[in-house]
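Subject: A structure for you to explore

Hi there,

I am passing a structure on to you, with some notes to read beside it. Please open it first and have a look around before you go on.

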Amino acid sequence: MEIPYTVEPRPDTGLYNAKLGIWLFLASEVMLFGALFSSYILLRTGNPNWVHHEMNVPMATLNTMILISSSVTVVLAWAGLRLKNFAQFRKFGILTFLLACGFMVVKGFEYSAEFSAGLFPWTDNTMAVYFTMTGLHGLHVLGGMVVLGYFLGPGAKMWGSNPERFTNRIETFGLYWHFVDLVWIFLFPSLYLL
Amino acid sequence: MGGHDTPEAIHAETRRYIVVFAALAALTVLTVAVSYLHLYLDMAMGVAVLLAMVIASVKAALVAGYFMHLLNERKTIYAILALTIFFFSLVMILPAGAFADHNGTSTEVAHEGAGEHN
């Protein structure tokens, strides 16, 4: 059976199904991270003796720049497909993947330095919140890398058989990726600077 | 989106993405600068939090508006987002509710409770 509305919009929603699906998923993600932010606010403001650890701001700033750059490259990859330019998609898709790898490597260095300093998730509430939120965000980056890796590898075959659907898949992936960037935009000042 | 776009329109969009990227990079630098300024000027924590969240919100609006094309989307998506924002606001208000409860009735009990656990 053919999956309906993969390219043409559904008359009642005005959207192809995957786009409606990703927005519903992102809505649930907003609530997931919202609950964590809410818990963080409650824990932090409710404790007058909140322990403040010096986080690695230069590394986090570098990671912010990396994620922002990857948001641009993913949207340029999608623009390439809309221009029927598969080479542009491939170039910017690979660049996005490499930037995501860069983010994870920097995060790895950061975690490793924190472990060496004796800071673990069970050290105190500050570190518990920090590792939970950045860890969950990191898992989202990792998940995005798996999906993007598929689209750059075996999933790219669809460009030959159904280019419009493949273009929509990349748009949908891009929306997820921008959301991951968006979460980091709030995590960065909340956990590193305040 | 995008199905009926002309190559010229897509190229114009691409240039806009680059401008948005530059704005996001500049705002990131500003976020860090403000955080150091907060320490240097001994700014009140509340002001520092407010400034940081305002800058983060502007950055988020740029990403959502341009990269996620929310400036020009279907009503269905706006409806989903309206519902999400409503429930998200409720979740963010919860700590304030907890404080109101705490301040109003049970400060001493809470302290005693905390003492027992320590």
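Below is what was found in this structure, topic by topic.

Please keep in mind from the start that this is a predicted model.

**Chain A on its own**

Let's begin with the fold of chain A. It has 6 helices and 0 strands, so if you read along the sequence you will meet the pattern α-α-α-α-α-α. The C-alpha trace of chain A spans about 60 × 35 × 25 Å along its principal axes.

One link inside chain A deserves a look. K19(A) and E171(A) form a salt bridge, with their closest N and O atoms 3.0 Å apart. This pair joins distant parts of the chain: K19(A) sits in helix α1 of chain A and E171(A) in helix α6 of chain A, 152 residues apart. Over all chains, the search of the whole structure gives 6 salt bridges.

**Where the two chains meet**

How many residues does each chain bring to the contact? Chain A brings 47 residues and chain B brings 49 residues. Between them, chain A and chain B bury about 4,000 Å², and 82% of that is on carbon and sulfur atoms. On the side of chain A, the residues that lose the most area to chain B are W23(A), R82(A) and L194(A), which together make up 16% of what that side buries.

R82(A) turns up again in a salt bridge: its side chain meets that of D5(B), at 2.1 Å from N to O. Across the interface of chain A and chain B there are 3 salt bridges, and the count of residue pairs in polar contact between the two chains, both at pLDDT 80 or more, is 7.

Which elements of chain A give two or more residues to the side that touches chain B? They are α1, α2 and α6 of chain A. Of these, α1(A) gives the most, with 16 residues. By class, the side of chain A that touches chain B divides into 30 nonpolar, 12 polar and 5 charged residues.

**The largest pocket**

Next, try finding the largest pocket, which holds about 1,100 Å³ of space. It is lined by 33 residues, and the closest to its centre are F37(A), F186(A), M53(B), F88(B) and M92(B). As those names show, residues of chain A and chain B are both found there. The elements that give two or more residues to this lining are α1 and α6 of chain A, together with α2 (45-67) and α3 (75-105) of chain B. The most comes from α1(A), with 12 residues. The lining of the largest pocket has 25 nonpolar, 6 polar and 2 charged residues.

**The cavities**

The search of the whole structure also finds 3 cavities of 30 Å³ or more. Here are notes on two of them.

The largest cavity contains about 90 Å³ of space. Its lining is made of 13 residues, and Y40(A), R44(A), M55(A), T126(A) and L191(A) lie nearest its centre. In chain A, α1 (17-45), α4 (125-152) and α6 (163-193) each supply at least two residues of this lining. Sorted by class, the lining of the largest cavity has 8 nonpolar, 4 polar and 1 charged residues.

The second largest cavity has a volume of about 50 Å³. Which residues line it? From chain A there are V74(A), V75(A), W78(A), I170(A), E171(A), G174(A), L175(A) and H178(A), and from chain B there are F67(B) and H69(B). You have met E171(A) already, as the salt bridge partner of K19(A). Both α2 (57-82) and α6 of chain A supply at least two residues of the lining of this second cavity, and the largest share, 5 residues, comes from α6(A). The lining of the second largest cavity divides into 6 nonpolar, 3 polar and 1 charged residues.

**A place to start**

If you would like a route through the model, begin at the salt bridge of D5(B) and R82(A), then go to F37(A) and F186(A) in the largest pocket, and finish at Y40(A) and L191(A) in the largest cavity.

Enjoy exploring!

Best wishes

Conventions:
Residues numbered from 1 in each chain as written. Chains lettered and ligands numbered in written order. Predicted model: local features only at pLDDT ≥ 70, side-chain atom pairs only at ≥ 80, totals over all residues. Heavy atoms only, no water. 1 Å grid on protein atoms, 1.4 Å probe; cavity = no way out; pocket = protein on both sides within 12 Å on 5 of 7 lines; lining within 4 Å. Points joined across faces, edges and corners; volume = space filled by probe spheres on them. Helix = DSSP H or I, 4+ residues; strand = E, 2+ residues; numbered from the N terminus. Nonpolar A, V, L, I, M, F, W, Y, C, P; charged D, E, K, R; others polar. Contact = heavy atoms within 4.5 Å. Buried area = accessible area lost by both parts, 1.4 Å probe. Salt bridge = Lys/Arg side-chain N within 4 Å of Asp/Glu carboxyl O. Polar contact = N/O pair within 3.5 Å; in protein donor to acceptor, adjacent residues only side chain to side chain.
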